[in-house]
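This report walks through one protein chain. It starts with the overall layout and then turns to individual sites.

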Amino acid sequence: MRSSLLLLPTTFSTLTTSLAIERRHNRAWPESIRAFYTAVSDRLSTLPPKTISSLTSSTCNIGNPSMPTIPDLPPVTEGLTLYHVAIGRGTQNYTCNPKDSNSIPVAAGASATLYNTTCMACLAPNAMAQLPGSALSIPTPKGNAQLFPAQAFVSGKHYFTGPVPTFNLHTNAHNYGIQFTALLSKVPVPERMIKPGQNVGKDGSKPVPWLKLSSANSLPNTAPGVQQQALGSDGSPVQEIYRVNTAGGSPPKTCDGMKKDFEVEYAAEYWFWGR
């Protein structure tokens, strides 16, 4: 585990400035964004000035992170350590049978930008927990713009290569590898955890299931070409990826009134684990 490579830029330097702005516009923000700033403020209030100063540096100590979990979601395989954490903001894609309005929408992949929130996930988990809902409550950033309100930088893209979920953590600023993955576990979000204003989209879309994925290079009977690509040009050690703390993204129950191809906006935490 090359932790030195992944002691990633923290966002607290810009967050402290944002807190002052938030206090002036508190009532104007969506509930999820107000909750995020409250969590950040609470976290900063518990830290001594010297520690807060270190949070504004270009690196942070990953320490002992605690990934969100729900019943029936398999744990991280023993021996793996945290490699990267990102907020994904984009769309879940679906298709419908235009001849049958009562048919059920069929999943057709996803497309999202990934934003680096590794330091926040480790240093301020309560604030991190508010980010998917916050991100979903506002328009998707354009280009390489930072993700508000965390001021998180782009760390890569999530898309599908054919039927294969792909995570491309290669940008002009870094190369953390490309992971081609396969689904290991899919767990619906319990009804008690579905909360309008927090993880339900403006269109009423409920949060998509939480997932555990395995990188292609850790799967048996993987084609050599795919395995080589999955390792990335820098030999990415990623073995497992989790999609947790999801917000929005679920399709309507039927295709009634829907186009043949449509998208539903979503956000989620993605946790990358490796050796």
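## Overall layout

The chain contains six helices and eight strands. This is a predicted model. From start to end, the elements run α-α-α-β-β-α-α-β-β-β-β-α-β-β.

The chain has 275 residues, and 49% of them count as buried. Take the contacts between residues at least 6 apart in sequence: 75% of these join residues at least 24 apart.

## The disulfide

How many disulfides does the structure hold? There is one disulfide. The bond runs between Cys96 and Cys255, with an S to S distance of 2.1 Å. In general, a disulfide is a covalent bond between the sulfur atoms of two cysteines.

Cys96 sits in the loop between strand S1 (81–95) and strand S2 (106–116), and Cys255 in the loop between S7 and S8, so the bond ties together parts that are 159 residues apart in sequence. The S-S torsion of Cys96 and Cys255 is about -90°, so the disulfide is left-handed. Cys96 and Cys255 are both buried. Another cysteine, Cys122, counts as buried because its relative accessibility is 16%, under the 20% cut-off.

## Pro251 and the S7–S8 loop

Pro251 is in the loop that connects strand S7 (238–248) with strand S8 (261–274). Is Pro251 buried, exposed or partly exposed? Its relative accessible area is 29%, so Pro251 is partly exposed.

Sequence neighbours within four places aside, Pro251 contacts Tyr94, Pro105, Phe262 and Val264. Its C-alpha atom is 8.9 Å from that of Ile104, and the two residues are 147 apart along the chain.

## Gln92 in strand S1

Gln92 belongs to strand S1. Its relative accessibility is 9%, so Gln92 counts as buried.

Which residues does Gln92 touch, not counting those up to four places away in sequence? The list is Gly109, Ala110, Val208, Arg243, Gly249, Phe262, Glu263, Val264 and Tyr266. Phe262 and Val264 are also among the contacts of Pro251.

## The largest pocket

The largest pocket has a volume of about 750 Å³. Its lining is made up of 30 residues. Tyr94, Lys186, Val208, Pro209 and Arg243 lie nearest the centre of the pocket. Val208 and Arg243 also appear in the contact list of Gln92.

Which strand gives the largest share of the lining? S2 does, with four residues. At least two lining residues each come from S1, S2, strand S3 (154–161), strand S5 (175–187) and strand S6 (210–215). By class, 21 lining residues are nonpolar, four are polar and five are charged.

## Aromatic pairs

The whole structure has five aromatic pairs. One of them is Phe167 with Phe272, an edge-to-face pair with 5.6 Å between centres and 90° between planes. This pair links distant parts of the chain: Phe167 is in strand S4 (residues 164–170) and Phe272 in strand S8, 105 residues apart.

Phe167 and Phe272 are buried. Together with Tyr270, these two residues form one aromatic cluster.

## Positive phi angles

Most residues other than glycine have a negative phi. Asp72 is not a glycine, yet its phi is positive, about 80°. Asp72 lies in the loop between helix H3 (49–55) and S1. At 69% relative accessibility, Asp72 is exposed.

Asn245 also has a positive phi, about 50°, and is not a glycine either. Where is Asn245 found? Strand S7 holds Asn245. With a relative accessible area of 17%, Asn245 is buried.

## Pro149

Pro149 lies in the loop between helix H5 (125–136) and S3. Pro149 is buried, because its relative accessible area is 0%. The C-alpha atoms of Pro149 and Ile138 are 9.5 Å apart, with their positions 11 residues apart along the chain counted as separation.

Methods: Residues numbered from 1 in each chain as written. Predicted model: local features only at pLDDT ≥ 70, side-chain atom pairs only at ≥ 80, totals over all residues. Heavy atoms only, no water. Buried < 20%, exposed > 50% of the residue type's maximum accessible area, 1.4 Å probe, protein only. Contact = heavy atoms within 4.5 Å. Disulfide = S-S within 2.5 Å. 1 Å grid on protein atoms, 1.4 Å probe; cavity = no way out; pocket = protein on both sides within 12 Å on 5 of 7 lines; lining within 4 Å. Points joined across faces, edges and corners; volume = space filled by probe spheres on them. Nonpolar A, V, L, I, M, F, W, Y, C, P; charged D, E, K, R; others polar. Phe/Tyr/Trp six-rings, centres within 6.5 Å; stacked < 30°, edge-to-face > 60°.
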